[in-house]
Amino acid sequence: KKSRALYWSTDKSIRAAITISKQYEGGDYWYAYHPDWDTFLSEGAKGLFVLGCVGRDEAFVLPLDWIHSRLSLFSITERDDRRYWHIALWPTEDGTMALRLKGGGSESLEEFKLALTKALSASI
């Protein structure tokens with residue numbers, strides 16, 4: 001553990017930024033992806049952005065390369081000396097989760113789904 005949200009393997013080659021969102025009105029889950037997290041993840045051999053969804057028995061593990069290839073498709077907030085990308089997930093009609101993209105598009109996250117066991121869910 002490096003901080004509340006950042007973790008790495010003992011040799012620091014595998015790194016993860018882990019964040020959790022409650023469900024907002026309309027069913028969306030909202031996350032910020034911070035430039036400092038991007039730097040931390042980029043400094044390892046493998047970087048993972050892990051999104052937890054309160055009330056769902058699954059998380060989504062997004063590889064850093066995948067995130068980088070889509071950064072221009074996310075909305076961004078820039079205030080004073082702060083900047084972050086908006087990551088929004090929403091449940092589709094079939095119950096799967098999708099990533100909302102700037103301009104109204106979306107992309108399925110099914111390939112990145114990690115089922116959480118009841119034992120793991122109970123301990124969180």
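# Exercises on a predicted protein chain

The protein chain has three helices and 10 strands (DSSP runs numbered from the N terminus, helices being H or I of at least four residues and strands E of at least two). The model is predicted, so local features need pLDDT of at least 70 and side-chain atom pairs count only at pLDDT 80 or more, while totals for chains, interfaces and linings use all residues. Residues are numbered from 1 along each chain as its sequence is written, and side-chain values use heavy atoms, with hydrogens and water left out.

## Exercise 1. Overall form

Describe the order of elements and the compactness of the protein chain.

Solution. Step one: along the sequence the pattern is β-β-β-α-β-β-α-β-β-β-β-β-α. Step two: the radius of gyration is 15 Å, close to the 14 Å of the globule rule for 124 residues, so the chain is as compact as a globular protein of that length; the radius is taken over C-alpha atoms, and the rule is 2.2 Å times the number of residues to the power 0.38. Step three: along the principal axes, the C-alpha atoms fill a box of roughly 40 × 40 × 25 Å. Step four: 40% of the 124 residues count as buried (under 20% relative accessible area, with exposed meaning over 50% and partly exposed in between, for a 1.4 Å probe and protein chains only). Step five: of the contacts (heavy atoms within 4.5 Å) with a separation of 6 or more, 54% come from residues 24 or more positions apart.

## Exercise 2. Strand S4 and its neighbours

Identify the strands joined to S4 and give the direction of each pairing.

Solution. Step one: S4 spans residues 46–53, and seven of its eight residues are buried. Step two: S2 (residues 14–21) runs parallel to S4 and is joined to it by eight bridges; two strands pair if DSSP finds at least two bridges between them. Step three: S5 (residues 58–63) runs antiparallel to S4, with five bridges. Step four: Val50 of S4 stands opposite Ile18, and in S5 its bridge partner is Val61. Step five: the hairpin of S4 and S5 has four residues between the strands, and there Gly55 takes a positive phi near 90 degrees.

## Exercise 3. Positive phi outside glycine

Locate Lys12 and Asp80, and state the phi and accessibility of each residue.

Solution. Step one, the background: most residues other than glycine have a negative phi. Step two: Lys12, in the loop between strand S1 (6–8) and S2, has a positive phi near 65 degrees and is partly exposed at 38% relative accessible area. Step three: Asp80 occupies the loop between strand S6 (76–79) and strand S7 (82–91). Its phi is near 45 degrees, also a positive value, and Asp80 is exposed at 86% relative accessibility.

## Exercise 4. The surroundings of Asp38

Which contacts does Asp38 make, and how far away is the nearest side chain of opposite charge?

Solution. Step one: Asp38 belongs to helix H1 (residues 35–42). Step two: Asp38 is buried without a salt bridge, and the nearest oppositely charged side chain, that of Arg83, is 7.1 Å away. A salt bridge requires a side-chain nitrogen of Lys or Arg within 4 Å of a carboxyl oxygen of Asp or Glu; in assigning charge, Lys and Arg count as positive and Asp and Glu as negative, while His and the chain ends are not counted. Step three: leaving aside residues up to four places away in sequence, Asp38 touches Tyr33, Leu64 and His68. Step four: the side chains of Asp38 and His68 make a polar contact at 2.6 Å (a pair of N or O atoms within 3.5 Å; within protein, one must be able to donate a hydrogen and the other to accept it, and residues adjacent in sequence count only if both atoms are side-chain atoms).

## Exercise 5. Salt bridges

How many salt bridges does a search of the whole structure find? Describe the pair of Glu43 and Arg15 and that of Arg100 and Asp28.

Solution. Step one: the search finds six salt bridges. Step two: in the pair of Glu43 and Arg15, the closest N and O atoms are 3.8 Å apart. Glu43 lies in the loop between H1 and S4 and Arg15 in strand S2, so the pair ties together parts 28 residues apart in sequence. Glu43 is exposed at 56% relative accessible area, whereas Arg15 is buried at 7%. Step three: Arg100 and Asp28 form a salt bridge with closest N and O atoms 2.9 Å apart. This pair links Arg100 in strand S8 (residues 97–100) to Asp28 in the loop between S2 and strand S3 (29–33), 72 residues apart.
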